[in-house]
Amino acid sequence: MAVRIGELLLKEKRITPDQLQQALNYQKANGGKLGHNLVRLGLVKDEDITALLSRQYGVPSINLAQFEIDQSVIKLIPADTAQKYEIIPLSRSGATLTIAMTDPTNVFAMDDIKFMTGYNVEPVVASETAVVEAIAKYYPTAGKTVQAPLPTGPSALDAASRGLEELQESLSAADDVEVLEDLQEISAEALAKQGEDAPVVRLVNVVLMSAIQKGASDIHIEPYEKELRVRYRIDGILYNIMSPPMKFRDAISSRIKIMSKLDIAEKRLPQDGRIKIRFNENGQPKEIDFRVSVLPTLFGEKIVMRLLDRDKLMLDMTRLGFEPESLLKYEAAIQRPWGMVLVTGPTGSGKTNTLYSSIAKINTQETNIMTAEDPVEFNLMGINQVQVRENIGLNFAAALRSFLRQDPNIILVGEIRDFETAEIAVKAALTGHLVLSTLHTNDAPSTVNRLMNMGIEPFLVASSVQLICAQRLVRRICSNCAEPHPHAPAALIHAGFTPDDANSVTPMKGAGCERCNQTGYKGRVGLYEVMEISEELRELILVGASGLELRRKAVDEGMITLRQSGLRKVKDGVTTIEEVVRETVK
């Protein structure tokens, strides 16, 4: 429940119970908010309530009359936005914009400004009179349209209370749902109603559009005991974006479930869905898919949405980050008529993009390409894509068996998870099919041992596997603010450079600018470790050699390791030493 203004003022001993009753009687007769009437009756001063509001919400207060604002900061927020939300920008420091506002609980105002400017927003409290006068002063054209309040106008605390009361009214169904949930009688109608409330719809839309604008790959909505947190994963790193009021928790999850056509009454089991939105980008219509995963946690449902932007799917293999010699080996392997090509790496390392790029390159009218994916992320023309559905028995192994009766040339298996899938894939690779798949291993040589641990015989591994590609993603240095960042030669040698290179290489680093949101990084690039299975490596596999022995032999034959791939990109000014060290080992 929101703290009532009257209770708060009584607690602070700003008014007496008799004065509160007087204001309530006046409110009953004349209408309006309680804070407005308290000021109108002269029982409290506007600035006193502002100071009270500052203490209550832990937000600093400011006297705008004593503050001079730079015009470059004023230009960051248009006059109509300042007028609409009764805010004024004060200063900018790095990626943070400080704004004075009458209602520090107005998350919509702060979200709109974040979306509009690209800066994190830090609010301070000012009285309504001071804010309106500042808008008239710094936005002369808006001065005529802004109605200055009466000397006894509503206070900042009144505005905050009004905002909180509106949130309470719009989410009243959420309170009912919580009570019903305790009785295990969840009302789907109540859930649907709260998910369709205007403030909730608008907040979810802001979250989705802001993620697109910032280039996020994932949106995390995480409920905790006393906080609801929204985070974006941008270039592989999670950033805190906002903390909506806890009252929005159930309403947000219901809204997203409605959009992704999930069961809004089921709050005990994980659910997966999909949202497709259409919007205008530079006057052109554009569609983006969101892959939605809902997971029940201790304090509510955690929602993760993966953004699937077809325009960002890079199918040109020369731009993924392969070294020229590694790319030649990889392209030769996927052009073979049979055999197995494996792409390995952790979740989120770009394996799907590499595989899609591979089949896009070899997709011709003469080939029949079948894929089994969980889930199908992008639809590709000319390729038969199957969505794996474990709940009805359509797993990778079942799909793979059916593929072999569909006269395929090329088979893509989303992931080899168990012995059954691995066995069918190996047999398909040995009987005239090109099989592409992924595994979760740390590097290319250890993939061989992983297959053997699954139960595949060494002679089958040696005969079927043609090439293994391990990969990672590191952040690119922002080209707009890149600058030399020299390191001591000893540090470069420790990272893996040769003494000669350590004395000649000058690493680069992004200084931070508006384009990269002050991070120094913009976009990502792949590091690739491509191990072609030569005759010597086959012999080592047959005798059960360890991953270390396979690695040593592959390096002798010219394999570029993940660390070496990263150091080359450091040398070329593409990424930083810190990124390479974070993602790879020597």
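So, contacts that reach across the sequence: if we take the contacts in this protein chain between residues at least 6 apart in sequence, 65% of them join residues at least 24 apart. Keep in mind that what you're looking at is a predicted model.

Let me give you the overall inventory. The protein chain has 26 helices and 18 strands. Of its 586 residues, 51% are buried. The chain exposes about 27,700 Å², and carbon and sulfur atoms supply 50% of that area.

Okay, a couple of individual examples of residues meeting across the sequence. Start with Leu53, which sits in helix α4, residues 46–57. Its relative accessibility is 0%, so Leu53 counts as buried. Now look for Val125: that's 72 residues away along the chain, yet the C-alpha atoms of Leu53 and Val125 are separated by 7.7 Å.

A second pair is Ala265 and Ser254. These two are 11 residues apart in sequence, and their C-alpha atoms are 8.6 Å apart in space. Ala265 belongs to the loop between α14 and β7, where β7 covers 271–281. Is Ala265 buried or partly exposed? With a relative accessible area of 26%, Ala265 is partly exposed, because buried would need a value under 20%.

Let's move on to the stretch around α6 and α7. Thr81 is in helix α6, residues 79–85. At 9% relative accessibility, Thr81 is on the buried side of the cut-off. What does Thr81 touch, once we ignore its neighbours within four places in sequence? The answer is Ile87 and Met116.

Right after that helix, have a look at Glu86, in the loop between α6 and β1, with β1 running over 87–93. Glu86 isn't a glycine, but its phi is positive, at about 55°.

Met116 brings us to α7, since that helix spans residues 107–117. How many of the 11 residues of α7 are buried? Nine are, so the helix is largely enclosed by the rest of the structure. If you want to click through them, the buried ones are Val107, Phe108, Ala109, Met110, Asp111, Asp112, Ile113, Lys114 and Thr117. Notice that this list includes Asp111, Asp112 and Lys114, which are of the charged class. After α7 comes Gly118, with a positive phi near 85°.

Now for helix packing, and I've got two pairs to show you. In the first, helix α13, residues 198–214, packs with helix α14, residues 249–259. The angle is about 70° and the axes are 10 Å apart. That makes α13 roughly perpendicular to α14. The α13 side of the contact brings Val200, Val201, Leu203, Val204 and Leu208, and these meet Ala251, Ile252, Arg255, Ile256 and Met259 of α14. Sorted by class, that's nine nonpolar residues, no polar ones and one charged.

You'll see a certain spacing in those residue numbers. An α-helix has 3.6 residues a turn, so residues three or four places apart point the same way.

The second pair is α17, residues 396–403, and α18, residues 419–430. Here the angle is about 20°, with the axes 8 Å apart. The two helices are therefore roughly parallel to each other, and their crossing is left-handed. On α17 the contact residues are Phe396, Ala397, Leu400 and Arg401; on α18 they are Glu420, Thr421, Ile424 and Ala425. By class, this contact has five nonpolar, one polar and two charged residues.

Last bit: two backbone details in loops. Where is Pro375? In the loop between β11, 369–373, and β12, 384–387. The peptide bond joining Asp374 and Pro375 is cis, with omega about 0°.

And then there's Gln518, in the loop between β17, which is 508–510, and β18, which is 521–532. Gln518 is another residue with a positive phi, about 65°, although it is not a glycine. As for its surroundings, Gln518 is partly exposed, at a relative accessible area of 31%.

Conventions:
Residues numbered from 1 in each chain as written. Predicted model: local features only at pLDDT ≥ 70, side-chain atom pairs only at ≥ 80, totals over all residues. Heavy atoms only, no water. Axes fitted to C-alpha atoms, helices over the stretch in contact; angles between N-to-C directions. Helix = DSSP H or I, 4+ residues; strand = E, 2+ residues; numbered from the N terminus. Parallel < 35°, antiparallel > 145°, perpendicular 65-115°, else oblique. Left-handed = near helix turned anticlockwise from the far one by under 90°. Contact = heavy atoms within 4.5 Å. Buried < 20%, exposed > 50% of the residue type's maximum accessible area, 1.4 Å probe, protein only. Areas by Shrake-Rupley, 256 points an atom, 1.4 Å probe, with all protein chains shown as cover.
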